[in-house]
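Please open the model in your viewer with the cartoon and the side chains both available. The tour below moves from one selection to the next and says what is there at each stop.

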Amino acid sequence: MQLPHGTIVAVIDGEHLELYRNSGDEAHPALDVMPAPKLDLHNKAAGTHHHTSSANPNGHLVAEDAHAAGVVDWLQTQVLAHKIDHLVVIAAPRTLGEMRLHYSKQLQGVLTQEIAKDLIGRSGSEILGSLKTQ
């Protein structure tokens, strides 16, 4: 896969967000770690279908869905501000499914690749290796 210079690679699971920027070129990509933003998770899961009670103790799913929605919200803000021109999303399968529910047309327009895989905590070279095998 060709990874244009400046491409943002977002690696997400139900609790974490890691960001990388390709500081190399398409032929020789190099991922540099970027600082993770503070996400607004307030009331992001209000529209989901998970209800927490003693009979259905899935509060963690609500928190994971709120995290996914918060990540997409932040990414969309960056896209609209022209700070992201090319985006790769690598997310745990369930998280990726939830994120897709929140994508805007503008975000979809800069999205060059999605990978349904949990790569949180992996090195830049391991992430690049996953991109090459897709």
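Is Glu 64 buried, partly exposed or exposed? Select Glu 64 in this predicted model and colour by accessibility: with a relative accessibility of 22%, Glu 64 counts as partly exposed, because the buried class ends under 20%.

**The charged pairs**

Keep Glu 64 on display and add Arg 94, since these two form a salt bridge whose closest N and O atoms are 3.7 Å apart. The pair connects distant parts of the chain, with Glu 64 in helix H1 (residues 59–80) and Arg 94 in helix H2, 30 residues apart. Arg 94 is itself partly exposed, at 36% relative accessibility.

Now add Asp 65, which also forms a salt bridge with Arg 94, here with the closest N and O atoms 2.8 Å apart. This pair again links helix H1, which holds Asp 65, to helix H2, which holds Arg 94, across 29 residues. Asp 65 has a relative accessibility of 1% and counts as buried.

For the next stop, select Arg 100 and Glu 114, whose side chains meet in a salt bridge at 2.9 Å, N to O. Distant parts of the chain are linked here as well, Arg 100 lying in helix H2 and Glu 114 in strand E5 (residues 111–116), 14 residues apart. Arg 100 is partly exposed, with a relative accessible area of 44%, and Glu 114 is partly exposed too, at 26%. Returning to the earlier selection, Glu 64, Asp 65 and Arg 94 are joined into one network by salt bridges that share partners. A search of the whole structure finds three salt bridges.

**Strand E1**

Next, hide the charged side chains and select strand E1, residues 8–12. Five of its five residues are buried, so E1 is largely enclosed by the rest of the structure. Turn the view to look at each face of E1 separately: Ile 8, Ala 10 and Ile 12 lie on one side, Val 9 and Val 11 on the other, and all of these are buried. In a regular strand the side chains alternate between the two faces of the sheet.

Which strands pair with E1? E1 pairs with E2 in the antiparallel sense over five bridges, and a hairpin of four residues joins E1 to E2; to inspect one of the bridges, select Val 11 together with its partner in E2, Glu 18. E1 is also joined to E4 by five bridges, and these two strands run parallel; here select Ile 12 and its bridge partner in E4, Ala 91.

**Around Ile 12**

Stay on Ile 12, which is buried with a relative accessible area of 0%, and show its surroundings. Residues up to four places away in sequence not being counted, Ile 12 touches ten residues listed here in full: Leu 17, His 67, Val 71, Val 89, Ile 90, Ala 91, Ala 92, Thr 95, Met 99 and Ile 120. A distance label between the C-alpha atoms of Ile 12 and Lys 117 should read 9.1 Å, although the two residues are 105 apart along the chain.

From Ile 12, step to Thr 95, in helix H2 (residues 93–100). Thr 95 is buried at 5% relative accessible area, and beyond its neighbours within four places in sequence it is in contact with Ile 12, Asp 13, Gly 14 and Ala 68.

**The nonpolar cores**

In soluble globular proteins, nonpolar side chains tend to be buried together. In this model the largest nonpolar core has 21 residues, and Ile 12, Leu 75, Leu 87, Val 89 and Met 99 are those with the most contacts inside it. At least two residues of this core come from each of E1, strand E2 (17–22), H1, strand E4 (87–91), H2 and helix H3 (105–110), and H1 gives the most, with six residues.

Select Leu 87 to follow this core further: its contacts beyond four places in sequence include Leu 75, Leu 107 and Val 110. Apart from this core lies another, of 12 residues, among them Leu 3, Val 9, Val 11 and Leu 31.

**The whole chain**

Finally, zoom out to the full cartoon, which has four helices and five strands in the order β-β-β-α-β-α-α-β-α along the sequence. Buried residues make up 43% of the 134 residues. Of the contacts between residues at least 6 apart in sequence, 60% join residues at least 24 apart.

Methods
Residues numbered from 1 in each chain as written. Predicted model: local features only at pLDDT ≥ 70, side-chain atom pairs only at ≥ 80, totals over all residues. Heavy atoms only, no water. Buried < 20%, exposed > 50% of the residue type's maximum accessible area, 1.4 Å probe, protein only. Contact = heavy atoms within 4.5 Å. Salt bridge = Lys/Arg side-chain N within 4 Å of Asp/Glu carboxyl O. Core = buried A, V, L, I, M, F, W, Y, C linked by side-chain atoms within 4.5 Å. Pairing = 2+ DSSP bridges.
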